[in-house]
Amino acid sequence: MNLHEQLNWRYATKKMNGEIVPQDKVDYITEAARLAPTSSGLQPFRIIEISNAELKQKIQPIAMSQSQIVDASHLLVFAAFDEYSAERVDQVFAQHESERGQPQGFTNDYKAMLMQGFSAQSKEQQFNHAARQSYIGFGMAIAAAAELQVDATPMEGFINSELDEILGLPEKGLKSVSILALGYRDEANDWLLNLKKVRVKKDEFVIQYK
């Protein structure tokens, strides 16, 4: 199948069958997110990969008791930087310089420009920027899952602050943004499976200026 066919195959699975997704497929999906483009290459988010059954059960009550949380093989929690600190930005560009064979300090002017912009923003604005970057990786992960015919349910229906505490994210300087539940559809019990996929018509969705 081509990408469009794969995306038509996928849907936001409402009932999963508990079957385990092989680790190599989970790795493929997270790698797609890792390779996603981000603003200035900052990659200001991380993925917390959860397969532990007890931890999933602990998360379910703060996620509207959705069954996918416990029936999924894996949960991928996308968590964004809570702020853009100079230390974090320095670390990113030090890696760029090292891996590209550039002299130390080669990116200093660009870093200074970035930090000037970030310093004019509140921490909430910085987090919101980082969260938007995480959604680029989130979309890549969804597409990669569809390519492998692994069901993936995007989820925002959870109490972020409580999930952050469960996962110890404040100590990591992270805040949860979204969850991607990975697994396989329960074909006999998922009410959404056989419903037509509905999207805005292309001539309404794409606004062209020629």
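Here is a short walk through this structure, from its overall layout to its core and its pockets. Keep in mind that you are looking at a predicted model.

Let's start with the whole chain. The C-alpha trace spans about 60 × 50 × 30 Å along its principal axes. The secondary structure comes to nine helices and four strands. If you follow the sequence from its start, these elements appear in the pattern α-α-β-α-α-β-α-α-α-β-α-β-α. Now think about how the chain meets itself: among contacts between residues at least 6 apart in sequence, 80% join residues at least 24 apart.

Next, look inside. Of the 210 residues in the chain, 41% are buried. The largest nonpolar core has 50 residues, and those with the most contacts inside this core are Ile29, Leu75, Phe78, Leu163, Ile179, Leu180 and Leu182. Which helix gives the most to this core? Helix 7, residues 123-147, does so with eight residues.

Try picking out Leu182 in the 3D view. Leaving aside residues up to four places away in sequence, Leu182 touches several parts of the chain, including Met16, Val21, Val26 and Ile29. Further along the sequence, its partners include Ala72, Ser73, His74 and Leu76, and also Ala145, Val150, Asp151 and Ala152.

Helix 7 is worth tracing from end to end. This helix has 25 residues, and the distance from its first C-alpha to its last is 37 Å, close to the 36 Å expected at 1.5 Å a residue. Just after helix 7 comes Gln149, which takes a positive phi of about 55°.

Finally, let's turn to the empty spaces. Rolling a probe the size of a water molecule over the atoms shows where such space is left. The largest pocket holds about 600 Å³ of space. Its lining has 23 residues, and Arg34, Leu42, Gln43, Phe45 and Arg46 lie nearest the centre of the pocket. Where do the lining residues come from? Helix 2 (23-34), strand 1 (45-50) and helix 5 (86-99) each supply at least two of them, and helix 5 gives the most, with five residues. Sorted by class, this lining has 10 nonpolar, seven polar and six charged residues.

The second largest pocket has a volume of about 160 Å³. You can find this pocket by looking for Arg199, Val200, Lys201, Lys202, Phe205 and Val206, which line it. By class, its lining has three nonpolar and three charged residues, with no polar ones.

Terms used
Residues numbered from 1 in each chain as written. Predicted model: local features only at pLDDT ≥ 70, side-chain atom pairs only at ≥ 80, totals over all residues. Heavy atoms only, no water. 1 Å grid on protein atoms, 1.4 Å probe; cavity = no way out; pocket = protein on both sides within 12 Å on 5 of 7 lines; lining within 4 Å. Points joined across faces, edges and corners; volume = space filled by probe spheres on them. Helix = DSSP H or I, 4+ residues; strand = E, 2+ residues; numbered from the N terminus. Nonpolar A, V, L, I, M, F, W, Y, C, P; charged D, E, K, R; others polar. Core = buried A, V, L, I, M, F, W, Y, C linked by side-chain atoms within 4.5 Å. Buried < 20%, exposed > 50% of the residue type's maximum accessible area, 1.4 Å probe, protein only. Contact = heavy atoms within 4.5 Å. Expected span 1.5 Å × (residues − 1).
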